[in-house]
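Please load the model in your viewer and keep the selection tool at hand. The stops below are meant to be taken in order.

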Amino acid sequence: HGPPEHEMLEAYTTLGYLAARTSRVELLAWVTAATYRSPGMLVKLVSTLDVLCGGRAWLGLGAGWNEAEAAGLGLHFPPRAERFERLEETLQICRQAFDGSDAPYEGKHYSLQRTLNVPMPLHRPRILIGGGGERKTLRMVARYADACNVFARDDVAHKLDVLRAHCEAEGRPYDEIEKTANMVLDVEAAGGVDRFLRQLEELAGKGIQAVQGKVPRAWEPEQLRLFGREIIPAVAGM
């Protein structure tokens with residue numbers, strides 16, 4: 001029958017649980033498909049998470065890509081161009097609400113009579129936009145976001161050059177944006193700790209400041225202990 005399409009936990013329920021079980025780690029969904037939740041509800045979800053976790057919430061957003069998943073859940077999944085329009089409107093609504101404005105918002109796809117957001121988040125949640133699209137996604141990073149998230153591939157340096165150009169066009173300081181990349185965090189597949197660290201060093205040399213990704217077999221405690229013991233201390237000095 002092929003791999004299951006929904007073999008994952010719902011993100012914001014899980015983050016609420018993690019808010020209660022942790023005290024230091026920053027919390028975000030990597031990344032929320034903008035069309036899966038209405039912008040007003042998304043503002044409320046992230047703001048509630050930030051209040052409950054003591055100010056550690058981020059908002060991770062993307063245009064979405066998994067049409068089969070959306071169809072399986074009965075969610076509206078418009079064509080690509082419209083998804084990017086909805087992503088940009090969602091970013092505008094979230095920024096407005098996080099900044100404390102309760103003014104109305106009128107866009108092409110979303111209409112909110114009042115962007116009231118009480119209780120406010122303890123801090124304005126940092127916004128991460130996932131994707132490396134050069135014309136739209138990285139332009140939105142320059143205009144709205146605090147962090148980008150691109151694939152850890154050979155074109156990382158090129159993607160960051162494109163982002164730098166968008167920042168110049170938007171009048172945004174490039175250094176304000178945290179540069180992150182996603183990759184499979186698999187030390188064994190990389191050939192061991194030293195080779196995995198070399199991969200991270202190469203990314204750092206290209207301008208990447210943090211990596212995110214899936215840890216294989218995360219339910220095995222030793223997988224996470226390895227990162228705490230061997231990887232994180234080494235990376236802290238990069």
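**Stop 1: two helices in contact**

This is a predicted model. Begin by selecting Phe-84, Leu-87, Glu-88, Leu-91, Gln-92 and Arg-95 in α4, then add Thr-137, Arg-139, Met-140, Arg-143 and Tyr-144 in α5; these two sets of residues meet each other. To select the helices whole, take residues 80–98 for α4 and residues 137–144 for α5.

Two packed helices are described by the angle between their axes and the distance between the axes. Here the axes of α4 and α5 come within 11 Å and cross at roughly 10 degrees. Angles under 35 degrees count as roughly parallel, so α4 is roughly parallel to α5.

**Stop 2: a salt bridge between the helices**

Keep Arg-139 and Glu-88 and show their side chains. They meet in a salt bridge, with 3.2 Å from N to O. The pair links distant parts of the chain: Arg-139 belongs to helix α5 and Glu-88 to helix α4, 51 residues apart. Are the two residues buried or exposed? Both Arg-139 and Glu-88 are buried.

**Stop 3: Arg-95**

Move along helix α4 to Arg-95. With a relative accessible area of 24%, Arg-95 is partly exposed; the cut-off for buried is under 20%. Leaving aside residues up to four places away in sequence, Arg-95 touches Arg-124, Ile-127 and Tyr-144. Which backbone atom does the side chain of Arg-95 reach? The side chain arrives at the backbone oxygen of Tyr-144, at 2.7 Å. For a distance across the chain, pick the C-alpha atoms of Arg-95 and Pro-125: they are separated by 9.2 Å, while the residues are 30 apart along the chain.

**Stop 4: from the helix to the sheet**

Stay with helix α4 and add strands β2 (58–62) and β5 (126–130). The helix lies across both strands and runs at about 165 degrees to β2.

Now show the whole sheet. It is open, has six strands in the order β1-β2-β5-β6-β7-β8, and is paired in the parallel sense. At the edges stand β1 (32–33) and β8 (210–212); each has a single partner strand, so one side of each is left without a neighbour in the sheet.

Strands of a sheet pair through backbone hydrogen bonds, either parallel or antiparallel. For a close look at one pairing, select β6 (residues 147–151) with β7 (residues 178–182), a parallel pair with five bridges. Which residue in β7 is the bridge partner of Cys-148? The partner is Lys-179.

**Stop 5: other salt bridges**

How many salt bridges are there in the model? The count comes to 17. Two further examples are worth selecting.

Take Asp-155 and Arg-153, whose side chains meet in a salt bridge at 4.0 Å, N to O. Asp-155 counts as partly exposed at 25% relative accessibility, and Arg-153 is also partly exposed, with a relative accessible area of 46%.

Then take Glu-222 and Arg-229, where the closest N and O atoms of the salt bridge are 2.8 Å apart. Glu-222 is partly exposed at 39% relative accessibility, and Arg-229 is partly exposed with a relative accessible area of 45%.

To finish, select Glu-88, Arg-139, Arg-143 and Glu-170 together. Salt bridges that share partners join these four residues into one network. That brings the view back to Arg-139 and Glu-88, the buried pair from the second stop.

Terms used
Residues are numbered from 1 along each chain as its sequence is written. This is a predicted model: local features need pLDDT of at least 70, side-chain atom pairs count only at pLDDT 80 or more; totals for chains, interfaces and linings use all residues. Side-chain values use heavy atoms; hydrogens and water are left out. Two strands pair if DSSP finds at least two bridges between them. Helices (H or I, at least four residues) and strands (E, at least two) are DSSP runs, numbered from the N terminus. Contact means heavy atoms within 4.5 Å. Axes are lines fitted to C-alpha atoms, for helices over the stretch in contact, and angles run from 0 to 180 degrees between N-to-C directions. Buried means under 20% relative accessible area, exposed over 50%, partly exposed in between (1.4 Å probe, protein chains only). A polar contact is a pair of N or O atoms within 3.5 Å; within protein, one must be able to donate a hydrogen and the other to accept it, and residues adjacent in sequence count only if both atoms are side-chain atoms. Angles under 35 degrees count as roughly parallel, over 145 as roughly antiparallel, 65 to 115 as roughly perpendicular and the rest as oblique.
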